[in-house]
Amino acid sequence: MAIHIVEEANRCLGCKRAFCQLKGCPVQTPIPQVIDLFKQRRLEEAGELLFQNNPMSAVCSMICNHSGQCEGACIQGRKGAPVHFSSIENYISTAYLDRREWKPAPSCGKQVAVVGSGPAGITVAIKMAQLGCAVTVFEQRPEIGGVLEYGIPEFRLPRALVQKYRHVMCSLGVRVRPSTTIGGALHIDDLLRDGYDAVFVGTGTWRARKLGIPGESRGNVLFGIDYLVDPTSVAIGQNVAVIGAGNVAMDVARTALRSGARKVTVYARSRHISAIDDEVELTELDGAEIVRGKAICAIDDNGPVFETAIFDEDDNVVGYEEELDHVPADTVVIAASQVPKDKLVLTTGGLETDHRGLLSVDECGMTTVPGVFAAGDVVNGPLTVVHAVAGAKLAVEGMTSYLGL
């Protein structure tokens, strides 16, 4: 046990009204109770508490926006350094995954289909299996994990940890059908026909949002979400321009630098950077440059063409310079958000979306098709893993009520 983790735990004040839990964490992780159990060396109980509240606790301990959530709300941070709960959580939750003996629960007689095996899908599959449901997970790619496996770089989230969740699910009796697209040969109607009592959709946002500018289809252009699926399949070049300033853009920049690029520049339209502060700092530490106030208007074979923003004293964009800025780059990677693919909507009668193509759900997480629930990015748009878990827990409550469990 690393001594600094013990020291961090001893710094926790055990607040009765814990802001780290109530205000900082989207899934209200019971941080004071977990730390108290840890200090008593009751690690299995602490791990159980973390896992039951958030099955993706081990993942969240590594990739959450801790400084903007639990640690950012810690009262110790007002006059000094906050308690670094992420380190404590990581130690407890990863050990728990390794040591816990997983067994199927007694059957409740209900069958549940989970479409998509990202963080929301994994959470629902585990929770419903623990309630005794016969769960089948349908994943369009060869491996489970969704964005955890195909969207977050290995240096941020080890693939071995993601695959532990397959072991957990299978040990709980969950069946996994990889390389199976619902909305392709099989539709949601087929799942309902074949006896699934409820269906959960957690298919994420895997279609890149295009910018609508000339040059997006050129051979020197990639979409960030596609690049991260398999960076080794692309000759990225020495000079890379990344368009966008979110977390995906930072992952692209850091991956490109690890893939042979000598110069990587991230271009943001405004002064605002939407990526997590820690990720921005790490991106710059890795050697990428972030340039603000560049609005892309075209791409040619030599690189991107920008309009340069003019800012007022409040950092608002009030116009653009007349002269265009043509920046040389071997590869241009567009990382300007994502939207859901539309296969499920096109093949499922009555499944409604909003103007962004995101699935519409009620307060219980049920879509406009009875018995079909959804959560995660396919409902909220691209957010974080912990937000996907929060939505998945709400959907589990709705499914449990719907199934009469």
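Is K164 buried, partly exposed or exposed? In this predicted model, K164 has a relative accessible area of 28%, and it is therefore partly exposed. The legends below begin with the salt bridge of this residue.

**View A. The salt bridge between D98 and K164.** The closest N and O atoms of D98 and K164 are 2.7 Å apart. Because D98 belongs to helix 6 whereas K164 belongs to helix 9 (residues 159-171), the pair ties together parts that are 66 residues apart in sequence. The search that covers the whole structure finds 18 salt bridges, and the next two views show further examples.

**View B. The salt bridge between R100 and E48.** The side chains of R100 and E48 meet at 3.1 Å, taken from N to O. This pair, too, links distant parts of the chain, with R100 placed in the loop between helix 6 (85-99) and strand 1, with E48 placed in helix 4 (residues 43-53), and with the two positions 52 residues apart in sequence. R100 counts as partly exposed at 27% relative accessibility, and E48 is likewise partly exposed, with a relative accessible area of 30%.

**View C. The salt bridge between R193 and D190 within helix 10.** The closest N and O atoms of R193 and D190 lie 3.3 Å apart. Because the two residues are three places apart in helix 10 (residues 188-193), they are separated by about one helical turn. An α-helix has 3.6 residues a turn, so residues three or four places apart point the same way. The two partners nevertheless fall into separate accessibility classes: R193 is exposed, with a relative accessible area of 57%, while D190 is buried, with a relative accessible area of 16%. Elsewhere, salt bridges that share partners join R156, D251, R254, R258, E279 and D286 into one network.

**View D. Helix 16 and the elements that cover it.** Helix 16 (residues 385-403) has 19 residues and reaches 26 Å from its first C-alpha to its last, which is close to the 27 Å expected at 1.5 Å a residue. Its buried residues include V385, V386, A388 and V389 towards one end of the list, and G398, M399, T400 and L403 towards the other. The elements that cover these buried residues include helix 5 (57-63), strand 1 (111-115), helix 7 (119-130), helix 8 (147-150), strand 4 (198-201) and strand 16 (372-374). Just after helix 16, G404 takes a positive phi of about 70°.

**View E. The surroundings of T400 in helix 16.** T400 is buried, with a relative accessible area of 16%. A polar atom of the T400 side chain lies 2.7 Å from the backbone oxygen of V396, and V396 is itself among the buried residues of helix 16. When residues up to four places away in sequence are not counted, T400 touches M128, L131 and L405; of these contacts, M128 is one of the buried residues of helix 7.

**View F. Helix 7, largely enclosed by the rest of the structure.** Helix 7 has twelve residues and reaches 17 Å from its first C-alpha to its last, close to the 16 Å expected at 1.5 Å a residue. Eleven of the twelve residues are buried, so the helix is largely enclosed by the rest of the structure. The buried residues include P119, G121, I122, V124, I126 and M128, and K127 is also one of them. Just after helix 7, G132 takes a positive phi of about 95°.

Notes:
Residues are numbered from 1 along each chain as its sequence is written. This is a predicted model: local features need pLDDT of at least 70, side-chain atom pairs count only at pLDDT 80 or more; totals for chains, interfaces and linings use all residues. Side-chain values use heavy atoms; hydrogens and water are left out. Helices (H or I, at least four residues) and strands (E, at least two) are DSSP runs, numbered from the N terminus. The expected span of a helix is 1.5 Å times one less than its number of residues. Buried means under 20% relative accessible area, exposed over 50%, partly exposed in between (1.4 Å probe, protein chains only). Contact means heavy atoms within 4.5 Å. A salt bridge is a side-chain nitrogen of Lys or Arg within 4 Å of a carboxyl oxygen of Asp or Glu. A polar contact is a pair of N or O atoms within 3.5 Å; within protein, one must be able to donate a hydrogen and the other to accept it, and residues adjacent in sequence count only if both atoms are side-chain atoms.
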